[in-house]
Amino acid sequence: MKTRSPRRLVIVSARAPFVSTPNGIVRAPGGLISALLPLMRRARGTWIATGADHDACDTSELPFRVRALSIPSSMRAAWYAGASNGALWPLAHGFVEVCRFQAEQTRAYLDVCRAAADAAAENAPPGAIVWIHDYQLALVPALLRARRPDLTIGFFWHIPWPAAESLRVLPWASELIEGLLGADLVGLHVPRYVRAFRDALDELGITHTSDGGSIVVPRGSRAARIEAWPIGIDVEGWAKLGRDEDVAAEAARIRADLGGGRVLLAVDRMDYAKGIAERLEAFERLLEQSAEARERVTFVQIGVPSRETVPAYRELRQRIEAAVGRIQGRFGALRRKPVHLFARSFESTELAAYYLAADAALVTPRRDGMNLVAFEYVATRPRPNGRLLLSTTAGAADVMPEAHLVNPYDDEGLVSAIEHVALAPETPGDAARMDALKARVSRLSVEGWASDFLARLSQVTDERVASRAT
Ligand code: ADQ
């Protein structure tokens, strides 16, 4: 698709592009921020962040503005730890039993969305493009549309779209959908989620039509479109790290330190949806069953702590640490540690060294909107070696069919899939799979994703204006 530099752009997200650290203000981690920053620099627009710290928003030296909203801490907790991560997140990932719906939290969610919509309305010049991100801000499109019908509004939902059956338990499902339909274009990662969105519209009796792969929902004189826009990563950035001599030397040191056997790697935010505890338990069963695994296989789990104000996340951390301690106690020896857990954030050079060092990456979330680690592992490897084990329930599985796919809910299947990627003798088929995966990932650049989404947003709005004029 032809890309053009977006003009008059406003981005609304829970996270700010910068964070304060003990070493000063630095760019927030993650590919999304890296993709949006160059667009924002060119557009000289405004970035509105609802969950940011104010110190990190003094951007007088930048060609764009960052506005952190002042949200009282109790409201912020009810919106973020409550409605967003205690209700919408588990709902979208199929953990309905974990969901807690509390009226006070729903009110806070609405209040934060309203504050974000007000800030966008005040900061957007006439006819500007506003791009809103993620499930923490799903009501913003309709609230903003009511205040500023002149704007072009895009929304991207980064997590799975919930099945209609799950969505039925959300007391404000209809408000959620109506909130999103305030946008001109709603992006989801894969066509499977677009189909689930269509089911939700059917459940609520909302009229819609199909146009190719997109759903069109008439809303008065305009329409909202729902489409699949698979996100990517900074492919060249990761590939460059993979070719770096220092990174390669560090990878060799890691392998040597781990004893020279087979190395399995997992990298996640510590989140129950990522299946970390179940993966460790499956690895434990593999060690029970296989003497070869006990002798030769080491599993490295890198897990950055996350959302620790939410009880389910604190419990998860304990479960993970208990599993690691148990495995070590049962199968470890003075000079042999079968599992290593790093519960902290890594620099990208460090991560790249681990990606290079690993014979296989275990990307086995219970459910995941996409999963960027699967892409990063593949992109970092200079040669077509290594194996990727990937859950069928991650969005990434839809765009990486050559991975070793596994159903993470099939306990025995998970153990044998881990055994296969760890120990099966290498065949020419392995290189062919990795070559195919590398070709797929090379087409998934996050910068292209962001500029193509914005170009599509301008296009659907131009079509609307043209059809009104005829
Ligand atoms: P996340 O749930 O955060 O994103 P994911 O897509 O895996 O999940 O991205 C995690 C990112 O954090 C990766 O870039 C990874 O390198 C990095 N990371 C993880 N652990 C780290 C550590 N210890 N140190 C440093 N970096 C670490 C949400 C959705 C996903 C979707 C993305 C993008 O839940 O499904 O793919 O948004 O839309």
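## Helices α13 and α14

In this predicted model, helix α13 (residues 348-357) meets helix α14 (residues 372-380), with axes that come within 9 Å and cross at roughly 75 degrees. Angles of 65 to 115 degrees count as roughly perpendicular, and α13 and α14 are therefore roughly perpendicular to each other.

Which residues make the contact? From α13 come Ala352, Tyr355 and Leu356, and these meet Glu376, Tyr377 and Thr380 of α14. By character, the residues of this contact are four nonpolar, one polar and one charged.

## Around the ligand

Now for the ligand, which has 21 residues around it. Those that come nearest are His158, Val304, Gly369, Met370 and Leu372. Helix α14 turns up again here: along with β12 (262-269) and β13 (297-304), α14 gives two or more residues to the shell.

What is the make-up of that shell? You will find 11 nonpolar residues in it, together with six polar and four charged ones.

## The nonpolar core

In soluble globular proteins, nonpolar side chains tend to be buried together. Here, the largest nonpolar core has 152 residues. Helix α2 (residues 73-92) gives the most to this core, contributing nine residues.

The residues with the most contacts inside the core are Val130, Ala374, Leu389 and Ile418. Take Val130 as a place to start looking: leaving aside residues up to four places away in sequence, Val130 touches Val10, Val12, Ala120, Ala124, Leu144, Leu151 and Ile153.

Technical notes:
Residues are numbered from 1 along each chain as its sequence is written. This is a predicted model: local features need pLDDT of at least 70, side-chain atom pairs count only at pLDDT 80 or more; totals for chains, interfaces and linings use all residues. Axes are lines fitted to C-alpha atoms, for helices over the stretch in contact, and angles run from 0 to 180 degrees between N-to-C directions. Helices (H or I, at least four residues) and strands (E, at least two) are DSSP runs, numbered from the N terminus. Angles under 35 degrees count as roughly parallel, over 145 as roughly antiparallel, 65 to 115 as roughly perpendicular and the rest as oblique. Two residues are in contact if their C-beta atoms, placed from the backbone, lie within 7 Å. Ala, Val, Leu, Ile, Met, Phe, Trp, Tyr, Cys and Pro count as nonpolar, Asp, Glu, Lys and Arg as charged, and the others, Gly among them, as polar. A residue is near a molecule or strand if its C-beta atom, placed from the backbone, lies within 6 Å of it. A nonpolar core is a set of buried Ala, Val, Leu, Ile, Met, Phe, Trp, Tyr and Cys residues joined through C-beta atoms within 7 Å. A residue is buried if 20 or more other C-beta atoms lie within 10 Å of its own, exposed if 12 or fewer, and partly exposed in between; C-beta atoms are placed from the backbone.
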